Amino acid sequence: MSDAPRLMLIAGEHSGDMHAARILSELRKRHPDMQCTGIGGQRCRDAGMETLYDLDDMAVMGLTEILSRYFFFRRVLKEMTELARSTQPDLLILVDYAEFNLRLAKVTRSFGQRNVFYVCPQVWAWRSSRIPGIAKVVDRMLTIFPFEPAVFKDTSLKIDFIGHPLVEDTRAALAAHTPDLDWGADTRVALLPGSRRQEIERNFPTMWEATTRVESVTPNSGYIIAAPDQRIADQIDALIKALPHPHPAHWKIVVDQTRDVLKQATAAWVASGTATLETALMGCPMVVTYRVSPITYHIGRRLLKVSYIGMVNIIAGKEICRELVQNAATPTALADEMNALVTDPVRRKHMCDELKRVCDLLGDDGDAQRAADIIDAELSGSRK
């Protein structure tokens with residue numbers, strides 16, 4: 001194996017950018033001259049990757065949004081295929097972003113490009129018919145949930161559970177000293193409306209209207225909106241200025257401090273997704289909420305094989321955090337659930353105990369090192 005591996009990596013979402021950067025950083029410790037090109041965000045760039053498209057160009061939510069940008073994604077898929085064909089990277093690392101990345105794995109397989117797929121597509125939730133096809137185009141799968149290897153037990157796919165990437169980071173965040181954020185009140189409510197533009201547009205207005213309804217029951221309450229980056233923060237700020245709802249007395253937007261916010265919050269409203277696990281790992285009680293376009297919701301409701309949308313509830317196998325989805329996600333409902341969480345210590349303790357049980361299932365520290373070990377093995381052509 002060359003001392004300077006040449007990698008191509010595709011991460012199309014904020015969570016993928018964060019997790020991929022940790023693996024790239026670990027690989028760079030072992031291979032300081034490593035080259036990596038592809039699609040990612042600022043964290044991947046900080047880890048030394050050259051990005052040809054930023055993840056903000058790639059992030060979409062729901063069927064209607066994907067269809068509206070069909071020709072863009074087709075062009076990017078063609079460009080990434082030709083890049084792999086012309087540069088012949090030692091390994092193609094595909095991080096989550098299943099619909100795009102599985103297509104790329106399939107077309108690059110035609111000219112012998114080997115790959116590692118990190119974060120298993122959610123075939124256990126819907127479209128399980130894809131399992132044989134995935135096994136044919138993926139060389140090695142790294143999973144972040146302990147139940148996922150069993151999903152592929154009837155295939156020849158080499159698959160490894162390496163632990164969830166948030167475990168190590170959130171444990172470090174819990175142990176670290178954090179300067180107190182300016183909540184302006186004793187009851188601290190966090191708002192996590194998502195990391196994509198469309199998510200913000202659909203989820204934030206309901207959360208924002210709910211703040212004053214909580215404030216009417218719990219006057220000594222402050223609200224912090226956690227934005228993953230400045231672009232999302234600017235979008236939220238613009239929405240607040242455009243929305244007709246009154247402001248709570250104490251509120252602010254913070255950028256790239258989500259774990260600090262969750263560490264200090266009494267409870268949180270969280271748009272369903274990776275953020276529900278991050279919130280659980282930080283030990284923060286939550287209300288899970290989500291809104292998508294009507295057509296996406298009705299199609300998804302017919303296709304989904306799981307009873308919940310929040311990963312924290314899926315792993316638990318029961319609704320430990322209340323889910324308010326689509327038409328049920330009203331300002332009144334969000335406020336009622338939040339008021340119950342922040343005023344009832346027994347309910348809060350019960351939820352915290354259940355969240356701890358979920359966290360114990362997610363593995364130990366060292367997932368990035370385990371992933372790097374496997375990638376090194378694939379680069380050398382060996383199998384573990």
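These are my notes on the cysteines and on strand S5 of this structure.

**Entry 1: model.** I worked from a predicted model.

**Entry 2: disulfides.** I searched the whole structure for disulfides and got 0. I then asked why cysteine 352 has no bond to cysteine 284. Their sulfurs lie 7.9 Å apart, which is too far for a bond, although cysteine 284 holds the closest cysteine sulfur to that of cysteine 352. A disulfide needs the two sulfurs within 2.5 Å. I also looked up cysteine 359. Its closest cysteine sulfur is in cysteine 321, at 10 Å, so this pair is too far apart for a bond as well.

**Entry 3: cysteine exposure.** Are cysteine 352 and cysteine 359 buried or exposed? I noted a relative accessible area of 27% for cysteine 352, so I put it down as partly exposed. Cysteine 359 comes out at 10% relative accessibility and counts as buried.

**Entry 4: strand S5.** I moved on to S5, residues 115–118. Asn115 and Phe117 point one way from the strand. Val116 and Tyr118 point the other way. I found all four of these residues buried.

**Entry 5: neighbours of S5.** Which strands pair with S5? I found S4, residues 91–95, running parallel to S5 and joined to it by 4 bridges. Leucine 92 has asparagine 115 of S5 as its bridge partner. I traced the chain from S4 through helix H6, residues 98–109, to S5, and this β-α-β crossover is right-handed. S6, residues 140–143, also pairs with S5, in the parallel sense, over 3 bridges. There I saw phenylalanine 117 opposite methionine 141 of S6.

How values were computed: Residues numbered from 1 in each chain as written. Predicted model: local features only at pLDDT ≥ 70, side-chain atom pairs only at ≥ 80, totals over all residues. Heavy atoms only, no water. Buried < 20%, exposed > 50% of the residue type's maximum accessible area, 1.4 Å probe, protein only. Helix = DSSP H or I, 4+ residues; strand = E, 2+ residues; numbered from the N terminus. Pairing = 2+ DSSP bridges. Right-handed = clockwise from strand over helix to strand, strands pointing away.
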